[in-house]
Structure formats: structure tokens, C-alpha cells
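Hello,

Here is the structure we talked about handing over. Please open it first, then read the notes underneath.

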Amino acid sequence: MNLKTALLDVSQMAQADRLSVAAGISGVQLMHNAGRAVAHEILQRWSPRAVTVLCGPGNNGGDGFVVALQLLDAGWPVRLALLGERKDLAGEAAYHAAHWHGPVERVSHAALQGAELLVDALFGAGLTRPLHGPAFETLAAAAEKQIPIVAIDVPSGLMGNTGEVMGAVPAVLTVTFFRKKPGHLLLPGRVLCGELVVADIGTPTSVWTQVVPDTFENDPALWRTYLTEPLPGGNKYTRGHALVYGAYPMTGAARMAARAAARMGAGLTTIVVPEEALPVYAAALTSIMVQPMAGLPDLLRLLLDKRFTALLIGPGAGASENTLKAALAMLATGRATLLDADAITVFERDPALLDRAIVGPCVITPHEGEFDRVFDATGDKLTRARAAARRSGAVVVLKGADTVIAAPDGRAVINTNAPATLATAGAGDVLGGMVLGLLAQGMAPFPAASAAVWLHGAAATAFGPGLMAEDLPDALPAVLRSLFQ
């Protein structure tokens with residue numbers, strides 16, 4: 001478990017705060033540290049200017065009072081507006097508010113007059129209802145006036161656990177504390193956070209004895225040790241043999257997947273294809289072996305070969321009865337199997353059949369449309385991916401700009417490094433091949449899927465503008481080389 005990449009939901013962060021207090025750090029000190037950290041980030045980025053601090057009625061507002069005091073001490077002209085009555089503040093927020101001796105206005109459009117910077121300290125990640133009234137109206141007016149906004153914890157109206165936007169407006173900077181929350185990374189909330197800074201407020205490491213994270217931001221620190229380099233005494237068979245189910249007439253998807261598997265390090269890669277497609281595949285591939293099949297019996301005979309260590313079906317396969325039968329045959333081997341694209345859709349009429357068929361290591365890589373055809377999970381993306389993984393027994397890679405990788409045991413990873421250039425035909429086929437290549441080498445499904453998704457994004461970033469899906473396999477060696485150095 002890599003705690004540096006851990007994400008904490010709202011209840012876990014509240015628990016961490018309680019444990020910090022139990023360890024001897026007062027709530028007053030934690031709030032002071034939080035507000036001081038926000039002020040520090042502001043002072044690092046802006047010269048003194050007219051700033052309005054909008055404070056809410058809870059602890060987020062208390063952080064705002066500390067920010068206002070810190071900026072005032074630094075010589076800034078500060079206005080402070082409060083949602084509610086000062087007399088209703090309690091606890092640490094009341095303590096820090098008592099140190100503010102300047103005027104306290106009401107949160108309203110008027111508080112924005114002359115402001116060149118706005119600090120949003122209205123509501124934190126624990127808000128569970130849509131913004132409304134003066135809070136919503138004032139933030140909306142600030143956005144319309146294009147006043148830069150610095151958000152404390154999250155932009156007010158952004159749900160910390162889900163990334164759902166319920167009245168939030170974009171911030172240029174968000175400062176959160178101790179660890180990020182899922183809502184900082186999940187869309188659409190991620191794009192509203194602007195630059196995201198995680199500040200240390202003195203939370204002791206001892207909190208990890210009771211706070212056990214199960215969600216992480218994707219990073220090589222999570223899976224780098226599972227990546228295998230070729231051994232001096234090894235051979236192509238020790239590096240695994242990947243098998244791809246090739247289709248006709250849609251041949252490009254399977255070919256890209258096969259090349260990606262080989263680039264990821266599979267010692268051998270074979271595509272099994274309909275007999276009539278053999279000339280197309282054979283002419284287009286060199287190091288990738290092509291095996292013709294007349295029908296399902298030929299595939300079944302091929303699957304008897306134990307040297308195939310991982311299997312992939314779906315890219316370009318067509319949502320047909322033949323694809324369903326082939327997918328079931330692959331799953332029945334109990335070997336690591338990846339279902340993508342049409343091999344997911346074929347279970348639309350009987351989703352329970354998929355669950356029954358998964359008897360070994362399995363990765364499923366749906367986009368949102370394919371996911372909805374087979375899984376009836378509801379809620380935010382993280383919740384839905386977890387529910388699907390738990391139900392099916394497979395690692396589920398729910399693709400998108402905020403891809404979520406979920407394991408049956410409840411662990412989940414949110415990916416953040418995918419550039420917009422990955423929104424191109426065939427990119428998902430390449431991703432499937434990359435996962436296959438790692439599975440073929442013996443990597444477990446959850447780290448294999450997490451690694452492949454991150455490497456997919458890194459390869460696209462390295463290539464830059466003009467990316468086509470077929471460019472991705474050739475961009476992989478440089479990315480892998482940087483990890484092995």
C-alpha cells in the first residue's frame with residue numbers, strides 16, 4: 001500500500017482530524033495550520049491586491065477567517081463576508097473569528113465590489129446539498145466577473161466523494177489538506193479545481209493505524225515493483241504468450257491490440273483469425289504470429305495449448321453469437337482473460353452469464369456505453385465501477401478521461417494522466433493489448449490494469465499532438481525505459 005497516493009473520502013478525512021486531536025494536536029491548531037497554508041499558497045502566487053474572503057458557517061468558514069487574518073498581517077486589503085450570523089459560529093471557527101476585528105459583511109454581490117481575488121471558504125467537501133441562495137448567487141457573480149477564485153478544500157458545491165458539481169464554479173487554485181479526495185480527481189469536479197495543492201497541516205502519521213484507504217490516485221508507486229524486466233536466463237516462453245482473438249472484416253483493432261501486447265513485453269503474441277482473413281493479417285504483421293481458424297472447434301483446440309498465458313477478445317469482434325461462444329470458451333480456461341468492446345456487449349441479454357463464466361483472473365475494459373449494457377450499478381463513477389467489480393469478480397476498468405480501475409475486493413484507482421489526445425479511434429484497443437501484455441507475463445489483474453492505464457496516458461503525452469492510436473505502441477519503449485532506470 002502506497003500511502004502517498006492514497007485518497008481519503010470525507011468520512012476518512014474527518015476520522016483523520018479526530019485522530020490528530022487525540023494525538024495531541026488541537027482542533028484550533030489544525031484550523032490555524034490549514035488557513036495559514038492557504039494564505040501561503042496565495043502569497044506565493046499573487047502580489048498584494050484587494051481580496052474578499054467568503055466564509056461559511058462551519059469549519060471551512062473558520063479556515064477562511066484564518067486566511068483573512070494572515071493576508072491582513074501581510075499588508076493586503078481584506079474584506080470578509082460571512083454566510084449567517086457571527087454569533088452562530090461554534091468551536092474552532094468561533095475561536096478564530098474572535099480574532100478578526102474588522103467589519104464582517106453578509107455574503108452578497110456587494111462583497112465582490114472591487115475584489116481582484118476571491119477566497120471561497122463557504123463549504124468544504126462534506127456538503128451534501130446543492131448550493132442555493134446568497135452562496136450560489138455570489139459565487140456565480142464572481143465567475144461571471146471573472147474574479148480569480150481560491151477554494152479551500154474544494155470549490156463550494158463540489159461533492160468531495162464523487163466529483164459531482166452542485167452549484168460550484170471554477171477555481172484557479174484549490175488548497176486541500178493531508179490527502180486529496182476522490183472528488184478532486186473525478187469528473188466533472190476535477191476541471192473546477194484548477195491547480196490543486198495538498199498542504200501539510202500537521203496530521204501525524206499515526207492516523208494510518210486506523211484510517212485504512214482503499215482508493216488511490218494512479219501512480220507508478222502503486223505497481224512499479226510488479227513490472228518485470230526480461231531476465232538474462234529467460235526466453236520468449238518465460239515472458240508469456242499472449243493470444244488475441246482477431247475478427248474480420250474489422251481487422252485493425254485486433255492488430256493494434258496485438259502490437260501493444262508485444263510492446264508491453266509479452267514474449268510471444270498470436271492472433272487467431274478467420275481463415276478468410278489470414279492474408280490481411282499475415283501481410284500486416286511480422287513478429288506477431290497469425291493462426292487461422294475455420295470455426296469455434298479450432299479455437300477450442302488452440303486453447304488446449306497451456307503455453308498461452310493470457311487471452312484477449314473483443315476488439316473488432318462484432319457483437320455476435322460467435323463472439324459470445326468464443327468469450328465463454330476463453331473464460332472457461334481459467335487463464336487470465338481480458339474482455340473488451342464487443343466481448344462485453346454480447347452479455348447484454350444475460351449479464352448474469354458473465355458473472356458465472358468468470359472463474360479465473362479477468363479484466364473487463366468497458367466505456368460508459370458498454371458498461372451500462374451489462375451492469376445496472378448506479379451512482380458516481382467510483383461507486384459504479386466498484387459495484388461492477390464486486391458483482392462480476394473481475395477487475396473493471398471503466399474508461400474515460402478519469403478512468404477508474406476497481407477490484408472485486410473494493411480497492412480502486414483513479415487515473416489522472418490521460419491527455420485529451422487519447423480521445424481517438426482505437427486507443428481503447430491499444431489499452432486492451434497493453435493490459436494483455438502484462439497479464440501474459442504473470443502480473444496480477446489489478447496492478448496490470450492500473451499500470452497499463454497509466455502507461456497508456458504517459459505514452460500519449462510523450463507523443464504529443466497529432467496522435468493516432470497506432471502511434472501508442474511505438475511510444476511505449478521510451479516510457480518503460482524511464483521506469484526501469
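Contact here means heavy atoms within 4.5 Å. With that cut-off, take the contacts in the chain with a separation of 6 or more: residues 24 or more positions apart account for 71% of them. Please keep in mind that this is a predicted model.

**Overall**

The chain has 485 residues, and 55% of them are buried. Its secondary structure comes to 19 helices and 18 strands. The C-alpha trace spans about 85 × 40 × 40 Å along its principal axes.

**The sheet of 7 strands**

This sheet is open, and its pairing is parallel. The strand order is β4-β3-β2-β5-β6-β7-β8. At the edges sit β4 (105–106) and β8 (195–199), each paired on one side only. Inside the sheet, β2 (residues 51–55) and β5 (residues 117–121) run parallel and are joined by 5 bridges. Threonine 52 has leucine 118 in β5 as its bridge partner.

Alanine 115 belongs to the loop between β4 and β5. Is alanine 115 buried or exposed? It counts as buried, because its relative accessibility is 15% and the cut-off for buried is under 20%. What does alanine 115 touch, leaving aside neighbours within four places in sequence? The contacts are Ala50, Thr52 and Ile147. So Thr52 appears twice in this region: as a contact of alanine 115 and as the bridge partner of leucine 118, where "contact" has the 4.5 Å meaning given above.

For a sense of scale, take alanine 115 and methionine 293. They are 178 residues apart along the chain, and their C-alpha atoms are separated by 71 Å.

**The sheet of 11 strands**

This second sheet is also open, but its pairing is mixed. The order runs β1-β9-β18-β17-β16-β15-β14-β13-β10-β11-β12. Its edge strands are β1 (6–7) and β12 (289–293), and each pairs on one side only. Strands β10 (residues 241–245) and β13 (residues 310–313) run parallel, with 3 bridges between them. Leucine 243 stands opposite leucine 311 in β13.

A helix lies across part of this sheet. Helix α12 (residues 321–332) covers β10, β13, β14 (336–340) and β15 (362–365). Its direction is at about 165° to β13.

**Helices α9, α17 and α19**

Helix α9 (residues 252–263) crosses helix α17 (residues 427–440) at roughly 35°. The two axes come within 7 Å. The crossing is right-handed. Which residues meet there? From α9 come Ala253, Met256, Ala257, Ala260 and Ala261. From α17 come Asp429, Val430, Gly433, Met434, Leu436 and Gly437. By type, the contact divides into 8 nonpolar, 2 polar and 1 charged.

Helix α19 (residues 472–484) has 13 residues. From first C-alpha to last it reaches 19 Å, close to the 18 Å expected at 1.5 Å a residue. Its buried residues are Leu472, Pro473, Ala475, Leu476, Val479, Leu480 and Leu483. An α-helix has 3.6 residues a turn, so residues three or four places apart point the same way. The buried residues of α19 pack against α8 (220–223), α9, α17 and α18 (445–463). Both helices of the right-handed crossing are thus among the partners of α19.

Best wishes

Conventions: Residues are numbered from 1 along each chain as its sequence is written. This is a predicted model: local features need pLDDT of at least 70, side-chain atom pairs count only at pLDDT 80 or more; totals for chains, interfaces and linings use all residues. Side-chain values use heavy atoms; hydrogens and water are left out. Axes are lines fitted to C-alpha atoms, for helices over the stretch in contact, and angles run from 0 to 180 degrees between N-to-C directions. Helices (H or I, at least four residues) and strands (E, at least two) are DSSP runs, numbered from the N terminus. A crossing is left-handed if the near helix is turned anticlockwise from the far one by less than a right angle, and right-handed if clockwise. Ala, Val, Leu, Ile, Met, Phe, Trp, Tyr, Cys and Pro count as nonpolar, Asp, Glu, Lys and Arg as charged, and the others, Gly among them, as polar. Two strands pair if DSSP finds at least two bridges between them. The expected span of a helix is 1.5 Å times one less than its number of residues. Buried means under 20% relative accessible area, exposed over 50%, partly exposed in between (1.4 Å probe, protein chains only).
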